[in-house]
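Please open the model in a viewer and keep the selection panel at hand. The stops below are to be taken in order.

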Number of protein chains: 2
Amino acid sequence: MEDKKELDQRKAMILKAVIDNYIESFEPVGSRTIAKRYDMGLSSATIRNEMADLEEMGYLSSPHTSSGRVPSTKGYRTYVDNMLKPAIERPELASDIISKLEDKMTEYGKLIRACAEIISDITQYIAIGTTKGSGKVIVKAVQLVPVDDQNVLVVMVPDGSIKSKLVKLPAPISADRIIGLSSVFNRTFSGKPAEFISLMSINRISDEADIARDMLLPITDGIFDCIRQCEADEFFTEGASRLLKCPEFDSVDKARDFIDMIQDKDVLEQIVNLSDDESGLTVSIGTENASDGLSDFSVVSAKFNVDGNCIGSVSVVGPTRMDYQKVISSLEYMKRMLEKKAATDAGPKLLEDKNGEDQI
Amino acid sequence: MEDKKELDQRKAMILKAVIDNYIESFEPVGSRTIAKRYDMGLSSATIRNEMADLEEMGYLSSPHTSSGRVPSTKGYRTYVDNMLKPAIERPELASDIISKLEDKMTEYGKLIRACAEIISDITQYIAIGTTKGSGKVIVKAVQLVPVDDQNVLVVMVPDGSIKSKLVKLPAPISADRIIGLSSVFNRTFSGKPAEFISLMSINRISDEADIARDMLLPITDGIFDCIRQCEADEFFTEGASRLLKCPEFDSVDKARDFIDMIQDKDVLEQIVNLSDDESGLTVSIGTENASDGLSDFSVVSAKFNVDGNCIGSVSVVGPTRMDYQKVISSLEYMKRMLEKKAATDAGPKLLEDKNGEDQI
DNA sequence: GGTTAGCACTCGAAGGAGTTGAGTGCTAAC
DNA sequence: GTTAGCACTCAACTCCTTCGAGTGCTAACC
């Protein structure tokens, strides 16, 4: 009552104990439980007093008069900021993750999906992934692949990704023509920013390749489509059903509401845009979340940066009493691994400035 | 009591009324409800007697002594087989579906996914789609697309689909080399069945194109990978969260169990393999299902055939008291539309035997 | 003989009273 | 500052009653 300044060490210890317990049991924690489970050399009465102080200070709250205490957003915040052990290395996880990623490493879209999957697997919460639509798409290459006499696969290679679209031409055309056309397209567009691909260029190609404009239209449409795919942020959700295993969903209504919410574009945006420009992780707890519907949930978000560009993000959504330790350390670990691997290993974009001195 | 032969017309009418009611309300149906809601010119007492008969005959059952009646599997079966109105055309749906399918028509995998999505949207139940891995894959075309100096996109075109895989070569190579190589690969493999692509051919290509074998290996690996993708049956589930909206999931446990079950490969197999070789729809009701876990659910399954080959299937899974009318008619409709559209319209495979008389 | 009205009976669902136990706040003693 | 002790609170549980929808059966009716 007298002083309401910072947490002293004992209060901090008790706060941590309460939160640890609550995370584990999802039940309001009483003073006696703490006294018994942690050998602090304090009686339940003393702890009771401290807990009353913590409540007054806003770190804890009680659902009703005579029940144990539950952490508040402020309590979780302190816990997350100050009380977590530094992320531990988990070599046993590492090899597993690496092997799962190995296959996917060639394209960022698939890669991030794989990350989200793995993270959801590890943490048992929902993981939401995004691939960041790079604002300005640079076309590295365009290729046309003849499929049959009237269908052409348009392949566009921007940075760090590959997009393709099958288009149907208004009339049959020979494979050789397509291949010839392919090199005209490639010559015209490669290295150019996406804005460059305007209708103007069609006329140029039409002249150069001596081909009717309406044969080219579906192809350029296809390219536009690929560009649009690149520019668009993509969302995907992994492990939604897992959340049903959380005891907080004791009624089906809650589960329903949550699932409805998590499918709302706006909420997804909020979840994902949460992390600011920093390169680290962001944790948003309970009422800290912008969206009301998320006030009983926490979001831990990691952005993945390669070569200074954000290529996407993975966020974990779980109940406020989530296992922060686990979530944060696995996300951090994933982020480190992915960025390191991307920097040393494949990924089309990273080879740009190499010289082809070994060329065969 | 006296005679236990077939349903007479009145019994059938009452049975249908009970099932209609139960499907709507998910509550045991009493004789009075029927008497009031349907103007049959019969009192509740008479209907009560008839319902007792229906129970004795196995079409209905009552959860406990003094509650209304609930349809049994046999009851549903009779309902589905004899009492549904023929599928109605829904022009308003048609245009919607067609426009949604338009975009996806180029590849069967995406197409069936889109179908499952639409069906789940319409029916509000879970839809499970599969693409049938065609046993014997015929390689229509192989193309290599240079991405940058060390990465190559391997594109393989089998029937009705397109697969691609990005591979990394052990050493840089020029785009022109790749394009040259591409035509060698294509010449060697196109029109050949997948089995043909053996290690033998690598040597041949290695000779013909004058290139080191270890540069070719990643590429053939990529092709193998594409073939494997074609051969594999693929599953996907749409609208799983919708099922939570069914009142039968009054407890979270049930929902959990169901979601666990629906993710089990074996159960999925059963759901999908349910439909026999017939070309129509298959309905499996409650206890008719092979898997115990599904005994409170019904599955309606449609196989899609194009040119006499099954290209995949979509199944709807819902509670036994699902709206069969809606599910069956929309699935049937979808099947008809898809097959018709596939027969008249694009889809790479369908152009094969056309001559390129219009060639530009 | 089929149909109907009437009545006693059944049984789950809903609501309320009493009990239990974990937990609190407060006070007084150490 | 810490602790023991005690009165108090309140959700959760159990037990009990009431309520009503629905049944089966019987006797009367057309």
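In this predicted model, begin by selecting the open sheet of chain B, whose three strands are arranged in the order β4-β5-β6 with antiparallel pairing. The edges are occupied by β4 (141–146) and β6 (163–168) of chain B; each has a single partner strand, so one side of each lacks a neighbour in the sheet. Direction ignored, neighbouring strands are turned by 20° against each other on average.

Next, display the backbone of residues 151–157 of chain B, which form strand β5. This strand and β6(B) are joined in the antiparallel sense by six bridges. For a landmark within the pairing, pick M156(B), which faces K163(B) in β6(B). Now add the helices that rest on the sheet. Helix α7 (residues 175–189) of chain B lies across β4 and β5 of chain B and runs at about 170° to β4(B). Helix α9 (residues 213–231) of chain B also packs on the sheet, where it touches β4, β5 and β6 of chain B. The direction of α9 makes about 150° with that of β6(B).

**The sheet β4-β5-β6 in chain A**

Move to chain A and select β4, β5 and β6, three strands that form an open sheet in that order with antiparallel pairing. Which strands stand at the edges? They are β4 (141–146) and β6 (163–168) of chain A, and each has a single partner strand, so one side of each is left without a neighbour in the sheet. From one strand to the next, the twist averages 20°.

Here the pairing to inspect is that of β4(A) with strand β5 (residues 151–157) of chain A, which is antiparallel and extends over six bridges. Label L144(A) and, opposite this residue in β5(A), V154(A). Then show residues 175–189 of chain A, helix α7, which lies across β4 and β5 of chain A at about 170° to β4(A). Residues 213–231 of chain A, helix α9, pack on the sheet and touch β4, β5 and β6 of chain A. The direction of this helix makes about 150° with that of β6(A).

**An enclosed strand in chain A**

Select residues 126–131 of chain A, strand β3. Is this strand enclosed or open to the outside? Six of its six residues are buried, so β3 of chain A is largely enclosed by the rest of the structure. Show the side chains: I126(A), I128(A) and T130(A) point one way, while A127(A), G129(A) and T131(A) point the other way.

Two pairings can be followed from here. Strand β10 (residues 309–319) of chain A runs antiparallel to β3(A) and is joined to β3(A) by six bridges; V314(A) in β10(A) is the bridge partner of G129(A). Strand β7 (residues 234–238) of chain A pairs with β3(A) in the antiparallel sense over five bridges, and E238(A) in β7(A) stands opposite A127(A).

From β3(A), proceed to helix α10 (residues 252–262) of chain A, where V252(A), A255(A), R256(A), F258(A), I259(A), M261(A) and I262(A) are buried. Their cover includes β3, α11 (265–273), β9 (297–306) and β10 of chain A, together with α10 (252–262) of chain B.

**Two helices that cross in chain B**

Return to chain B and select helix α1 (residues 9–25) and helix α4 (residues 73–83), whose axes come within 10 Å and cross at roughly 105°. The crossing angle makes α1(B) roughly perpendicular to α4(B). On α1(B), highlight A12(B), L15(B), K16(B), I19(B), D20(B), Y22(B) and I23(B); on α4(B), highlight G75(B), Y76(B), T78(B), Y79(B) and M83(B), which complete the contact. These residues divide into eight nonpolar, two polar and two charged.

Centre the view on Y22(B), which is part of helix α1 of chain B and is buried, with a relative accessible area of 10%. Beyond its neighbours within four places in sequence, Y22(B) is in contact with E27(B), P28(B), V29(B), V70(B), P71(B), Y76(B) and R321(B). The C-alpha atom of M322(B), 300 residues away along the chain, is 9.6 Å from that of Y22(B).

**The nonpolar core**

Finish at Y324(A) and Y324(B), which touch the most other members of the largest nonpolar core, a set of 142 residues. Around Y324(B), leaving out residues up to four places away in sequence, select I23(B), Y76(B), Y79(B), V80(B), L84(B), V283(B), I285(B), S298(B) and S329(B), each of which Y324(B) touches.

Conventions: Residues are numbered from 1 along each chain as its sequence is written. Chains are lettered from A and ligands numbered from 1 in the order in which they are written. This is a predicted model: local features need pLDDT of at least 70, side-chain atom pairs count only at pLDDT 80 or more; totals for chains, interfaces and linings use all residues. Side-chain values use heavy atoms; hydrogens and water are left out. Axes are lines fitted to C-alpha atoms, for helices over the stretch in contact, and angles run from 0 to 180 degrees between N-to-C directions. Helices (H or I, at least four residues) and strands (E, at least two) are DSSP runs, numbered from the N terminus. Angles under 35 degrees count as roughly parallel, over 145 as roughly antiparallel, 65 to 115 as roughly perpendicular and the rest as oblique. Contact means heavy atoms within 4.5 Å. Ala, Val, Leu, Ile, Met, Phe, Trp, Tyr, Cys and Pro count as nonpolar, Asp, Glu, Lys and Arg as charged, and the others, Gly among them, as polar. Buried means under 20% relative accessible area, exposed over 50%, partly exposed in between (1.4 Å probe, protein chains only). Two strands pair if DSSP finds at least two bridges between them. A nonpolar core is a set of buried Ala, Val, Leu, Ile, Met, Phe, Trp, Tyr and Cys residues joined through side-chain atoms within 4.5 Å.
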